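These are my notebook entries on a two-chain structure, written while I looked up one point after another.

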Amino acid sequence: MFLLQTIFFGGGWLFFLKILYKNYEVHHSGVLLMFSTTFALSCTMFVLIIFEIIGIMDSSSRYFHWKLQLFVILFVLIVLLPAYIGFFVLSNLRLVPQKPHIQVALTFVSWCVFLYFFWKIGDPFPILSPKHGIFSIEQCIGRVGIIGVTLMAILSGFGAVNYPYTSMFCFIRHVTDAEIQGIEKRLMQTMDMIMLKKKRIAQAKRENLRSAGQKIGGGIWGMLKTVGSPYGGSTENISQLKQEASGLEELSRQLFLETVDLHTTQERMEFSKTFKGKYFNFLGYFFSGYCVWKIFISTVNIIFDRVGKVDPVTRGIEIAVNYLGIQFDVKFWSQQISFILIGIIIVTSIRGLLITLTRFFYAIASSKSSNIIVLCLAQIMGMYFVSSVLLMRMNMPLEYRTIITEVLGELQFNFYHRWFDVIFLVSALSSIGFLYIAHKHASDTIN
Amino acid sequence: MANVDKVKILVVGDSGVGKTSLVHLICHNEPTNNPGWTIGCSVDVKLHEYKAGTAAEKTFFIELWDIGGCTSHQDCRSMFYTNVHGIILVHDLTNRKSQQNLQCWLGEVLRKENKISGGNGFDLDSEQFVGNQLPLLVIGTKADQTETIRDKNRQSSVAEEFGADQFDLDNYSVKYLAPGSTNAVKLSRFFDKVIERRYYSRESQAPTLQSHSSPQLGRRVKNAHVD
């Protein structure tokens, strides 16, 4: 068990160094440690679920490991990571004096503020059945669960809509080489114009300096001359030139961004002609169907206040047995199928999350903020995985649900599913809206 | 203004190392506060006296093209690499990886110039640069923020490999480039070299066979402390 954990720890370490921090140097190894620990803890939880299904290790030791994992990961998510994030943010701000004890004190204060808001989040939601006290694990899990579920739903909603959009052919605009060359020519012309203006400014400045130098030696005659022509030797208006130059610079930026856009569209066109591209296109149809179905089901769930009680595996088996008349050993097959299904879900969600986090990191990080961003990502990752454990309960047959229910206590699971549906719907619809607007805007600017 | 000749120098390096503030410092002699990320390319010019103080003194425009370093814009940057006469490679002293990436940057620029068929450009050998005629300068920024005691005498491997000059500075304080300081001298020597290579060495340009060995010998310049 602990061997597995060390393997995951090593995996997280490698991922951090090779992929996330490809362009940066590691200054604080504590950040690396935190990230790998969070990753290892999350993966171990998933492994425990799989063990539950297959039946490795007797149930009391599984239970013990579950409790241990949960406790540690909650400690990391609620205490360690926010404190560390607060510490880094404070040490980056220029207003704060850099002495260590002031920093530690301020970090403690900000951690208390964080704790307060964390607690407040739980109040408007009906998370717990009224059986438990204040300082129990269930309270913490409940709140972490809310944040994580919201995140999951937003990401899935956006991902479900974005994937078909990017991989399907019918959305790719047609771009010709002539268009690209046209824009590049315009960009170079703009750069030349900017250069011209800057040269004039530089020459004008030099003329001013020279004539200022001469003025000093001019005496009274020199002073009379300056009254007449305040700019001395040059006849250019420097501030006007500067304004024109900055206007042109703005234009050059816009043109460059358009060029980048056209290049990416062209690449997509090239990609769509390859075999891989066609395969992704086919998957895209499949996924868009899934997305539409999911939106429909979420709406139905919300409107009719329906909560699914039966998981897909058992339902699938029921359908197979009742309608299709296939007889097979229900218990055995349900175990195998649910194992495969859960395994696939776990692997794809881990992979999907890591890829998204990597892309996000590349887009945002700079050498100053890379530490903070990585810690935030670790926090998001931890919360995401904890809540996916929560939601996975829905996908497992009844006999395997017991351990999760036992370990996580009496949380109102139905509420979480409902909340997921709501946020998923909102996120998917708004992504459709955004993508539509972006698409229109892009095709308008080209034409 | 039509009489003044110009040379084009590229300023390249990873995103966030300080190229835009460096260019501003060189051209206007004052530090700039908080430039945003450079999208595409931003240009600036400096009037430079070639062979200042001698009889052959002549004014040239030095165009500094500061190329934005975002990795997502890689394909589109190549249109800026035409007709280049010199390259300034910038790296960040607090981040050692930005120095290692300078090789990739050099490869990217040269690949467009001479169409070096060097694969994907990530495993470059210095042999590919032997025929390179462009003068290079390596500058390390954020010198005030390096807490680790970096041996300033140690030449960076990039500079050593290409026989380029190098120095370190802090983009926020003017004293590093104050006239008469070692850095200012090195910078102006670099500009002179670029101008010479462009305008004056054409008469004495031998066929490429000979130019193989001479650039390597001619460019080994001794590195000195930052003042």
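**Entry 1: B:Glu63 and its partners.** I began with B:Glu63 in this predicted model, and I find it buried, with a relative accessible area of 4%. I then looked for its charged partners, and one of them is B:Lys6, whose side chain meets that of B:Glu63 in a salt bridge with an N to O distance of 3.8 Å. This pair links distant parts of the chain, since B:Lys6 sits in strand S1 (residues 5-12) of chain B and B:Glu63 in strand S3 of chain B, 57 residues apart. I note that B:Lys6 is partly exposed, because its relative accessible area is 41% and the buried class ends at 20%.

Across the chain boundary, B:Glu63 also forms a salt bridge with A:Lys199, the closest N and O atoms being 3.1 Å apart. I traced the two ends to strand S3 of chain B and helix H6 of chain A, so this pair joins two chains. Both B:Glu63 and A:Lys199 are buried. Taken together, I record that salt bridges with shared partners join A:Lys199, B:Lys6 and B:Glu63 into one network.

**Entry 2: the contact between the chains.** How many salt bridges are there between chain B and chain A? I count two, and besides the one from B:Glu63 to A:Lys199 I find the side chains of B:Glu49 and A:Arg206 meeting at 2.7 Å, N to O. As a general point, side chains of opposite charge can pair when their charged atoms come close. I also looked up the polar contacts between chain B and chain A, and the count is three residue pairs, both residues of each at pLDDT 80 or more.

Which elements give two or more residues to the side of chain B that touches chain A? They are strand S2 (41-50), strand S3 (58-67) and helix H2 (96-100) of chain B, and the largest share, six residues, comes from S2(B). By residue class I note 13 nonpolar, seven polar and nine charged residues on this side of chain B.

For the extent of the contact, I have 29 residues from chain B and 34 residues from chain A. The area buried between the two chains is about 2,900 Å², and carbon and sulfur atoms give 64% of it.

**Entry 3: helix H8 of chain A.** I looked at A:Glu249 next, which is placed in helix H8 (residues 238-272) of chain A. Is A:Glu249 buried or exposed? At 19% relative accessibility I count it as buried, because the class takes values under 20%. Leaving out residues up to four places away in sequence, A:Glu249 touches A:Ile194, A:Lys198 and B:Val43.

In H8 I also find A:Glu244, which forms a salt bridge with A:Lys197, the closest N and O atoms being 3.1 Å apart. A:Lys197 lies in helix H6 (residues 177-216), so the pair ties together parts that are 47 residues apart in sequence. At 32% relative accessibility A:Glu244 counts as partly exposed, whereas A:Lys197, at 17%, counts as buried. Over all chains, my search finds six salt bridges.

**Entry 4: the loop between S3 and S4 of chain B.** I looked up two residues in this loop, B:His85 and B:Asn83. B:His85 counts as buried at 16% relative accessibility, while B:Asn83 is exposed at 60%. The contacts of B:His85, again without residues up to four places away in sequence, are B:Val7, B:Lys8, B:Leu134, B:Pro135, B:Val194 and B:Arg198. For B:Asn83 I noted the backbone instead, where phi is near 60°, a positive value in a residue other than glycine.

**Entry 5: each chain as a whole.** Chain A has 14 helices and zero strands, whereas chain B has seven helices and six strands. Read along the sequence, chain B follows the pattern β-α-β-β-β-α-α-β-α-β-α-α-α. Buried residues make up 42% of the 447 residues in chain A, and in chain B 51% of the 227 residues count as buried. For the exposed surface I wrote down about 24,700 Å² for chain A, with 69% supplied by carbon and sulfur atoms, and about 10,800 Å² for chain B, with 49% supplied by carbon and sulfur atoms.

Technical notes
Residues numbered from 1 in each chain as written. Chains lettered and ligands numbered in written order. Predicted model: local features only at pLDDT ≥ 70, side-chain atom pairs only at ≥ 80, totals over all residues. Heavy atoms only, no water. Contact = heavy atoms within 4.5 Å. Buried area = accessible area lost by both parts, 1.4 Å probe. Salt bridge = Lys/Arg side-chain N within 4 Å of Asp/Glu carboxyl O. Polar contact = N/O pair within 3.5 Å; in protein donor to acceptor, adjacent residues only side chain to side chain. Helix = DSSP H or I, 4+ residues; strand = E, 2+ residues; numbered from the N terminus. Nonpolar A, V, L, I, M, F, W, Y, C, P; charged D, E, K, R; others polar. Buried < 20%, exposed > 50% of the residue type's maximum accessible area, 1.4 Å probe, protein only. Areas by Shrake-Rupley, 256 points an atom, 1.4 Å probe, with all protein chains shown as cover.
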